[in-house]
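Subject: Structure for your review

Dear colleague,

I am passing on the structure we discussed, and I would be grateful if you could look it over alongside the notes below.

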Amino acid sequence: MPQFFPKSANMLALLTLAIVALGAGGGLSALLITSRSPYNTQQGMPIGQPVPFSHKHHTTGLGIDCRHCHYSVEVSGFAAIPPTKTCMTCHSQIWNEAPMLEPVRESFRTDESIDWVRVHDLPDYVYFNHSIHVNKGVGCATCHGQVNEMPLMWKANTLQMQWCMDCHWNPEVNLRPRDQITNMDWQPPADAEARQALATQLAEEYDVQSKVSCSVCHR
Amino acid sequence: MATNVSPLQSEPVIGPNQTYGSVTDKIANICLGKQAPPVFWYIGLLTGLALMGGLGHGALWLFLNGVGVWGLNIPVGWGFAIINFVWWIGIGHAGTLISAILLLFRQDWRTSINRFAEAMTLFAVSCAGLFPLLHVGRPWLAFWLMPYPNTMNVWPQFRSPLVWDVFAVSTYATVSALFWYTGLIPDLATMRDRATGKVAKTIYGIFALGWRGSARHWERYEIAYLMLAGLSTPLVVSVHTVVSFDFAVSVIPGWHATLFPPYFVAGAIYSGFAMVLTLAIPVRYFWGLEDFITMRHIDAMAKVTLATGLVVFYGYMMEVFFGWYSQNEYEQFMILNRMSGPYAPMYWMLIFCNGLTPQLLWFKKVRFNIPFLFVISLIVNVGMWLERFVIVVTSLHRDFLPSSWDMYYPTFWDWIIYIGSIGQFLVFFFLFLRFVPMIAIFEVKHLVPLSKKA
């Protein structure tokens, strides 16, 4: 009986096997890499806002403390998006005719909130509380990065669960004294031994424990 | 392959006047359409497609609305999904037993039924796999069950039997598929050589992987097949053992029993052989395969059903005994509640189906009465489904705290998905009957020397 397939079919069969193996491996790797990339997490990507509010200008330039606007960060789960009134305490006097700030004035006139775009948006099944972190010595910059260097806001970290867990497994090294919470430039002691001593001392003083059970965040 | 037949066996494993040519002709012609499919095939396939449509409809409704459309609630959080899962997985076990263990024991009667019993295994596992996926509610996240480097820094809970289940069932599906396909290769080459149409020749040719039947091919084939049989053998026991751990590892009365693994494995083989009978009896009748699936096969399968059925019945009796002997009020209540509680009719139907009915198989007259045997096999299938229903529902619906007792009633969506899964099985099986050699041609040829010359 003559062969039904030409001789080249042998090569085709091997090639198919190779393509399937490489395709499966490559496809899975691509998924794992993409899911961690800024394409998925938006890490490091500035987000446009209805008013181009600059954190850099207001903090580094003008020296306003984080808590002037995010006033409930120490006492509530929610750090607070300031109401338009907070903007208007200054902007009714300065830059009060700047076209760029028209949405702020309009919001004040109509009593309609400005539609700020949320940059740090956790999934609804995650319970996150700002006050407990701040009161236990986790600084703003630890999670939000150098906000004082950001004209438009972006995510400095992925906010993926493994990033949360990295700290929750071993929180001590990410602590700072409470009076340095909003200090964007605070650095732990350069000396490794002193750093560890401070970490241990703060954890002891603030009673910081590693909290990793599911229901800490998924309630 | 041993070909000596015990003188005690009066029934032959192959009909009279069969030659190498007639075996190939008969089986290959079914796939090539030279023997027109019986009307039964069209009816079966269309019924299967209609029911499978119900499955699609039910699954869509489930995904749109969530698992709340089922009758599940606390305390019965596991309803039809796990009942059907265990039922289907159990059915698959006969295929593996026939193909692997009977091969190692050199039982030559396996050769005529192993191909479609293995196909039954694959299709049953595919139906079983549906239910955990549907039950997780968000099946597009079902890959979370797999340990992979995820962005959550968490691994599956390796101490949970539900995770063991994922590995047991996926291993089972993979090995069964490999075993079935490896056994098919020589026959696919026969089909490639016999097919006349270009499309059929190409498709059979691709799947035949260039098989030419040289001595070297056969040597490698035999080694590979024996190795796969060795791999499959522990799976016959391990898969349903792990499935039984889903229950036995918990602390619910009626589940927390050391008896569960052997009792589940026996039940699996029992239901599987009943299903092989349910399938083999119409297939041999409608396709005229009485010369290949002889009364010897039917008889042997009925005997295995009886033997495993006795083990299962022993399990039921031991459950009652443990309930009494434990002197534990919850265990005792569980047994009493099964026998006289709101689900008592299900329990007594179960005893009728799995405890009493198989006793008829002691009689040779019954084993040789095809219509009667067919009815018994159906009753056994129903019985094994009822067994899982009784285990799951009666244990959960009245547990330790009477304040949390409640009833479980399946909804329309439970039923449509269950019946739809039977439809999926039928569609796969009827397509298999038409396009794949349903009996291992080259293996049956080993038996040709036993064929009586008239």
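The notes below describe chain B, its nonpolar core and the contact between the chains.

This is a predicted model, in which local features need pLDDT (the predictor's confidence in each residue, from 0 to 100) of at least 70 and side-chain atom pairs count only at pLDDT 80 or more, whereas totals for chains, interfaces and linings use all residues. Residues are numbered from 1 along each chain as its sequence is written, while chains are lettered from A and ligands numbered from 1 in the order in which they are written.

Chain B has 15 helices and 0 strands (DSSP runs of H or I, at least four residues, and of E, at least two, numbered from the N terminus). Its radius of gyration, taken over C-alpha atoms, is 23 Å, close to the 22 Å that the globule rule (2.2 Å times the number of residues to the power 0.38) gives for 454 residues, so chain B is as compact as a globular protein of that length.

The largest nonpolar core (buried Ala, Val, Leu, Ile, Met, Phe, Trp, Tyr and Cys residues joined through C-beta atoms within 7 Å; buried means 20 or more other C-beta atoms within 10 Å of a residue's own, with C-beta atoms placed from the backbone) has 120 residues, and Ala124(B) is among those with the most contacts inside it. Helix H8 (residues 260–286) of chain B gives the largest share of this core, 16 residues.

The contact between the chains (C-beta atoms within 7 Å) takes 10 residues from chain A and 8 residues from chain B, and helices H1 (9–36) and H9 (161–169) of chain A each give two or more residues to the side of chain A that touches chain B.

Best regards

Definitions and conventions: A residue is buried if 20 or more other C-beta atoms lie within 10 Å of its own, exposed if 12 or fewer, and partly exposed in between; C-beta atoms are placed from the backbone. Two residues are in contact if their C-beta atoms, placed from the backbone, lie within 7 Å.
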